[in-house]
Amino acid sequence: MYRSGKLVDNYADNLVMNSFRLVPRIVETETQQTRLGKLKYAKSLHYFIDRIYDDCLKLEKTKIQGIDFVKILRKELKLMRRIHKNYVNSIL
């Protein structure tokens, strides 16, 4: 992707790239056969969820035009954290 010198563009790029990395991890988690394998990949999802959330916070502080979208995304990430926590607890 094109890299500009603007901080806002870098935050947005990080957000998109971390989102793209999240999807294959979810698929890998679901395709694991053993409980330990599922737990390993499920715990790695937490890292990506937190990174996306942090990118949202950074974007929100930079006064971009799509601030409403970022707020909605943060709410969805909070819900995803709860779902993820329940999923990990169900594996245990």
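**Exercise 1. Relative direction of H2 and H3**

Determine how H2 and H3 are oriented to each other in this predicted model.

*Solution.* Two packed helices are described by the angle between their axes and the distance between the axes. Step one is to take these two values: H2 and H3 pack at about 160°, and their axes are 10 Å apart. Step two is to apply the cut-off, by which angles over 145 degrees count as roughly antiparallel. H2 and H3 are therefore roughly antiparallel to each other. Step three adds the handedness: the crossing in which H2 passes H3 is left-handed. Step four gives the composition of this contact, whose residues divide into 17 nonpolar, two polar and nine charged.

**Exercise 2. The surroundings of His84**

State which helix holds His84, whether the residue is buried or exposed, and which residues it contacts beyond its sequence neighbours.

*Solution.* First, His84 is located in helix H3. Second, the relative accessible area of His84 is 11%. Buried means under 20%, so His84 is classed as buried. Third, with neighbours within four places in sequence left aside, the contacts of His84 are Ala42, Lys43, Leu45, His46 and Ile49.

**Exercise 3. Salt bridges between H2 and H3**

Identify the partners of Asp50 and of Glu60 in salt bridges, and place each pair in the chain.

*Solution.* Side chains of opposite charge can pair when their charged atoms come close. For Asp50, the partner is Arg81, with the closest N and O atoms 3.0 Å apart. This pair links distant parts of the chain: Asp50 belongs to helix H2 (residues 35-61) and Arg81 to helix H3 (residues 67-91), 31 residues apart. Next comes accessibility: Arg81, at 29%, is partly exposed, and Asp50, at 23%, is likewise partly exposed.

For Glu60, the partner is Arg74, and their closest N and O atoms are 2.5 Å apart. Because Glu60 lies in helix H2 and Arg74 in helix H3, the pair ties together parts that are 14 residues apart in sequence. Arg74 has a relative accessible area of 16% and is buried.

**Exercise 4. A salt bridge within H1**

Find the salt-bridge partner of Arg25 and explain how the two residues are placed along H1.

*Solution.* The side chain of Arg25 meets that of Glu28 in a salt bridge, at 3.7 Å from N to O. Both residues lie in helix H1 (residues 7-31); because they are three residues apart, about one helical turn separates them. Their accessibility follows: Arg25 is partly exposed at 28%, and Glu28 is partly exposed at 31%. To close the tally, the salt bridges number three.

**Exercise 5. The packing of H1 and H3**

Classify the orientation of H1 and H3, and list the residues through which they meet.

*Solution.* The axes of H1 and H3 come within 15 Å and cross at roughly 25°. Since angles under 35 degrees count as roughly parallel, H1 and H3 are therefore roughly parallel to each other. H1 passes H3 in a left-handed crossing. From H1, the residues in the contact are Leu15, Leu22, Ile26, Thr29 and Glu30, and from H3 they are Leu73, Met80 and Tyr87. By class, the residues of this contact are six nonpolar, one polar and one charged.

Note on methods
Residues are numbered from 1 along each chain as its sequence is written. This is a predicted model: local features need pLDDT of at least 70, side-chain atom pairs count only at pLDDT 80 or more; totals for chains, interfaces and linings use all residues. Side-chain values use heavy atoms; hydrogens and water are left out. A salt bridge is a side-chain nitrogen of Lys or Arg within 4 Å of a carboxyl oxygen of Asp or Glu. Helices (H or I, at least four residues) and strands (E, at least two) are DSSP runs, numbered from the N terminus. Buried means under 20% relative accessible area, exposed over 50%, partly exposed in between (1.4 Å probe, protein chains only). Axes are lines fitted to C-alpha atoms, for helices over the stretch in contact, and angles run from 0 to 180 degrees between N-to-C directions. Angles under 35 degrees count as roughly parallel, over 145 as roughly antiparallel, 65 to 115 as roughly perpendicular and the rest as oblique. A crossing is left-handed if the near helix is turned anticlockwise from the far one by less than a right angle, and right-handed if clockwise. Contact means heavy atoms within 4.5 Å. Ala, Val, Leu, Ile, Met, Phe, Trp, Tyr, Cys and Pro count as nonpolar, Asp, Glu, Lys and Arg as charged, and the others, Gly among them, as polar.
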